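The report below describes one protein chain, working from its helix packing to its sheet and then to two individual residues. Please read it with the sequence and the structure side by side.

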Amino acid sequence: MTNVLIAEADTDAVAKRGPARPGVDGVDAELVAQLVEQARTAGLQLTGEGGLLQQLTKRVLEAALDGEITDHLGYDKADPAGNNGGNSRNGVRGKTVLTEVGPVEVAVPRDRDGTFEPQIVKKRQRRLSGVEDMVISLSAKGLTTGEIAAHLAEVYGADVSRQTISTITDKVVDGMAEWQNRPLDPVYPVIFLDAVYVKIRDGKVANRPIYVALAVTVEGTRDILGLWAGDGGEGAKFWLQVLTELRNRGVGDVCMVVCDGLKGLPDAIEATWPQAVTQTCVIHLLRASFRYAGRQHWDAMAKALRPVYTAPTEAAAKQRFTEFADAWGARYPAVIRLWDSAWSEFVPFLAFDTEIRKVVCSTNAIESVNARIRRAVRARGHFPNEAAALKCVYLAVMSLDPTGQGRRRWVMRWKPALNAFDMTFEGRLSAGRK
């Protein structure tokens, strides 16, 4: 393959065309076009090993390193000012750096005193930050270490071991600990609670719950408050520990807490925030009802229950449920008992405006997060320990909205509900806006 010295472009041609005219991104578009045309004429590929992008990356990195040592020493290369001036340049050493365009061999300058500390490519650094960001992003999307290694080898021709990839993703652990213990807002309009099960090998492979708490702020944004790994099945006792931690991190008041129908959870919520209204997810209640019924009756039961949870008032809902009990109670008494026991946590949303009903009648807000988490953990099969599972879930959570469009949609969706919350819970949200 032809070796074209990209940095040494045709200086005469550059001089003839006059001053550089930067594009909108600050890069001279004409110079870029000239480099691409020169590479194409010489038969040089734009990408791949030895291609234009690799050579440009090499030249840019080396130019930046040369600028750093010039600043360190205080004089340019071959400048007489450096003669007998103490510290001076001492050649270069070769170093292969993994970049987003593949491995690049760069010449890192040295000084005689050994005091030069390069910043663009630091000592012992073998990967530029873009590569690390790429590895973390791929891991957050559910790729295993082996799949990430294969991807880097196939696309960039880079041989990166699984251990190296694991080491890169381990860097998020410190950030995860800081995130998990950060101070929280004094009040939230709504907090959604749910758990996702992952497989963890602790002696033997077993399902373990990862507890997730998602809040809506007074500005209408989504805020995942934390992740916690529990033992055994999901339990109200562990949820009480989670809620107590949230209160200790600054959450003094919550208007509504939406959760599934876990027994004992409403008591844990009341013990933590006495003023909070506990709302049982209607969808979870329907699913629990179907577990007691035959598959052939699911559609009919769903149609009969719809007037109950769409009723305009609690009294109307009670009347519709009485009609449902008369029709289905003899066949499925367990379903009637289920709704009776959950009634006090089922009806609160019926007392609110339509805007609030739409967003608090179910845990759909957190289910979308859980779906992304499940997608990330499914590829792993199971995790060697609790820390590995939490790291995977944390990476998935941190990559939920890379463009910020989801945040804007979320705010627009919640604005009408927040206006209704302001009127319903008079004065309680003002503490969060100070």
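In this predicted model, helix α15 passes helix α16 in a right-handed crossing. The two helices, α15 covering residues 364-378 and α16 covering residues 386-398, pack at an angle of about 130 degrees with their axes 9 Å apart, and that angle makes α15 oblique to α16. On the α15 side the contact is made by R372, I373, A376 and V377, and on the α16 side by C392, V393, A396 and V397.

A second helix pair is formed by α11 (residues 298-309) and α12 (residues 314-328), which pack at an angle of about 155 degrees with their axes 7 Å apart. Angles over 145 degrees count as roughly antiparallel, and α11 and α12 are therefore roughly antiparallel to each other. Their contact brings A300, M301, A304, L305, P307 and V308 of α11 against A317, R320, F321, F324 and W328 of α12.

**The chain as a whole**

The secondary structure of the chain amounts to 17 helices and 7 strands. Of its 434 residues, 46% count as buried, and the chain exposes about 22,700 Å², of which carbon and sulfur atoms supply 52%. Among contacts with a separation of 6 or more, 64% are between residues 24 or more positions apart.

**The sheet**

How are the strands of the open sheet ordered? The order is β5-β4-β3-β6-β7, with mixed pairing among these 5 strands. The edge strands are β5 (222-229) and β7 (277-280), each of which pairs on one side only, and the twist averages 25 degrees from one strand to the next. Strands of a sheet pair through backbone hydrogen bonds, either parallel or antiparallel. The pairings of this sheet are set out below.

| Strand pair | Sense | Bridges |
|---|---|---|
| β4 and β5 | antiparallel | 7 bridges |
| β3 and β4 | antiparallel | 13 bridges |
| β3 and β6 | parallel | 5 bridges |
| β6 and β7 | parallel | 4 bridges |

Individual residue pairs place these strands in register. Where β4 runs beside β5, L214 stands opposite I224 in β5, and where β3 runs beside β4, D194 stands opposite V212 in β4. On the parallel side, the bridge partner of F192 in β6 is V258, while V257 stands opposite T278 in β7.

Two hairpins belong to the antiparallel part. In the hairpin of β3 and β4 there is 1 residue between the strands, and G203 in the turn has a positive phi of about 85 degrees. The hairpin of β4 and β5 has 5 residues between its strands, and here G220 in the turn has a positive phi of about 95 degrees.

Is strand β5 enclosed or open to its surroundings? Although β5 is an edge strand of the sheet, 6 of its 8 residues are buried, so β5 is largely enclosed by the rest of the structure. Strand β3 likewise has 12 of its 16 residues buried, so β3 too is largely enclosed by the rest of the structure. Helix α8 (residues 236-248) lies across β3 (187-202), β4 (204-216) and β5, and runs at about 135 degrees to β5.

**Two buried helix residues**

Two residues from other helices may be considered individually. T272 lies in helix α9 (residues 265-272), and with a relative accessible area of 4% T272 is buried. Leaving aside residues up to four places away in sequence, T272 touches L240, L243, T244 and R247; these residues fall within the range 236-248 of helix α8.

Which residues does H284 touch, not counting those up to four places away in sequence? H284, which is found in helix α10 (residues 282-290), touches D194, D260, T363 and E367. One of these partners, D260, is 24 residues from H284 along the chain, yet the C-alpha atoms of the two are separated by 5.8 Å. Another partner, D194, is the residue that stands opposite V212 in β4. H284 has a relative accessible area of 18% and, because buried means under 20%, H284 is classed as buried.

Methods. Residues numbered from 1 in each chain as written. Predicted model: local features only at pLDDT ≥ 70, side-chain atom pairs only at ≥ 80, totals over all residues. Heavy atoms only, no water. Pairing = 2+ DSSP bridges. Axes fitted to C-alpha atoms, helices over the stretch in contact; angles between N-to-C directions. Contact = heavy atoms within 4.5 Å. Buried < 20%, exposed > 50% of the residue type's maximum accessible area, 1.4 Å probe, protein only. Areas by Shrake-Rupley, 256 points an atom, 1.4 Å probe, with all protein chains shown as cover. Parallel < 35°, antiparallel > 145°, perpendicular 65-115°, else oblique. Left-handed = near helix turned anticlockwise from the far one by under 90°.
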